[in-house]
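Colleague: I'm new to this one, so could you walk me through it? I'll ask as we go.

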Amino acid sequence: DNNSAKSVEALVAFKPIEQVGVNIYGFFGRESSNTTSGAGKRVLIGSYVTLQATEQLGFVVEGYYANQENGSAISSGRNARWNGAAGYAIYDFNDQWGVRFRGEIFEDAGGDVSCLGAAGGGGNANVCSGAAPISQTLCETTATLQYKPAPSFITRLESRYDKSNQNVFLDGSNTATNNQQTLAVEAIFLF
């Protein structure tokens with residue numbers, strides 16, 4: 001917590017039918033941003049819907065919107081705004097093997113959360129080759145192969161592609177570019 005103000009966070013979830021879940025969430029409070037003007041009101045609202053199409057196939061769709069008062073990293077005294085939408089497809093071949101596909105679009109209109117914004121000292125460590133905060137729209141796609149050797153142990157091999165409408169990534173020769181590819185290996189222990 002970067003200030004003494006209190007914030008409220010809430011989630012309402014309901015299942016209109018067994019295969020569908022609807023979740024609506026929100027956040028409201030005074031939060032410090034990257035500005036020196038102190039804490040301003042931050043509002044975030046969003047929703048995600050889950051659909052279990054078959055025993056093996058599921059989908060998730062999410063959308064969200066946020067606004068930070070006086071939080072723009074680009075224009076002092078202006079509000080920062082960010083929003084996005086994501087979709088997932090999840091398919092399990094059996095109890096051990098599965099694949100996941102994800103796509104997302106994220107707009108950071110105030111330069112507050114992706115490039116040298118509120119995350120502090122550089123925002124997202126994978127982006128922002130430039131020295132100043134910028135407004136940008138990012139898109140990403142991710143493909144994941146999942147293997148569970150035991151019920152409480154999950155391993156994943158993940159390939160991700162990120163693209164921005166700005167040159168915020170660095171390639172192997174430290175040249176600014178508008179995209180990057182990453183490969184990750186994950187191990188998750190459930191307890």
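Colleague: How many bridges join strand S3 to strand S4?

Modeller: Keep in mind that this is a predicted model. Strand S3 covers residues 40-52 and strand S4 covers residues 57-68, and the two run antiparallel. The number of bridges joining them is eleven.

Colleague: Which residue in S4 is the bridge partner of Tyr48?

Modeller: Strands of a sheet pair through backbone hydrogen bonds, either parallel or antiparallel. Here S3 and S4 take the antiparallel option. Looking across from Tyr48 into S4, the bridge partner you find is Glu62.

Colleague: And Gly63, how far is its C-alpha atom from that of Val49?

Modeller: Gly63 also lies in strand S4. Along the chain, Gly63 and Val49 are 14 residues apart. In space, their C-alpha atoms are separated by 9.3 Å.

Colleague: Why does Gly63 count as partly exposed?

Modeller: Buried needs under 20% relative accessible area, and exposed needs over 50%. Gly63 falls in between, so it's partly exposed, because its relative accessibility is 28%.

Colleague: Zooming out, what is the order of the strands in the open sheet?

Modeller: The chain has eleven strands and zero helices. Nine strands make up this open sheet, with antiparallel pairing. Its edge strands, each pairing on one side only, are S1 (7-17) and S11 (179-189). Twist averages 15° from one strand to the next, and the order is S1-S2-S3-S4-S5-S6-S7-S8-S11.

Colleague: Is Thr144 buried or exposed?

Modeller: You'll find Thr144 in strand S7, which spans residues 136-150. The cut-off for buried is under 20% relative accessible area. Thr144 has 8%, so it counts as buried.

Colleague: Which side chain does the side chain of Thr144 make a polar contact with?

Modeller: For a polar contact, the N or O atoms have to be within 3.5 Å. The side chain of Thr144 has such a contact at 3.0 Å, and the partner is the side chain of Glu158.

Colleague: What about the surface: which residues make the nonpolar patch of about 630 Å²?

Modeller: Let's start with Trp97, which lies in strand S6 (residues 97-108). Its relative accessibility is 37%, so Trp97 counts as partly exposed. Patch residues need over 30% relative accessible area. The patch is made by Trp97 together with Phe93, Leu145, Leu157, Leu183 and Val185.

Colleague: Last one: what share of the chain's residues count as buried?

Modeller: Thr144 is an example of a buried residue. Across the 191 residues of the chain, the share that counts as buried is 30%.

How values were computed:
Residues numbered from 1 in each chain as written. Predicted model: local features only at pLDDT ≥ 70, side-chain atom pairs only at ≥ 80, totals over all residues. Heavy atoms only, no water. Pairing = 2+ DSSP bridges. Helix = DSSP H or I, 4+ residues; strand = E, 2+ residues; numbered from the N terminus. Axes fitted to C-alpha atoms, helices over the stretch in contact; angles between N-to-C directions. Patch = residues over 30% accessible without salt bridge, like charges linked within 9 Å, V, L, I, M, F, W, Y side chains within 5 Å. Areas by Shrake-Rupley, 256 points an atom, 1.4 Å probe, with all protein chains shown as cover. Salt bridge = Lys/Arg side-chain N within 4 Å of Asp/Glu carboxyl O. Buried < 20%, exposed > 50% of the residue type's maximum accessible area, 1.4 Å probe, protein only. Polar contact = N/O pair within 3.5 Å; in protein donor to acceptor, adjacent residues only side chain to side chain.
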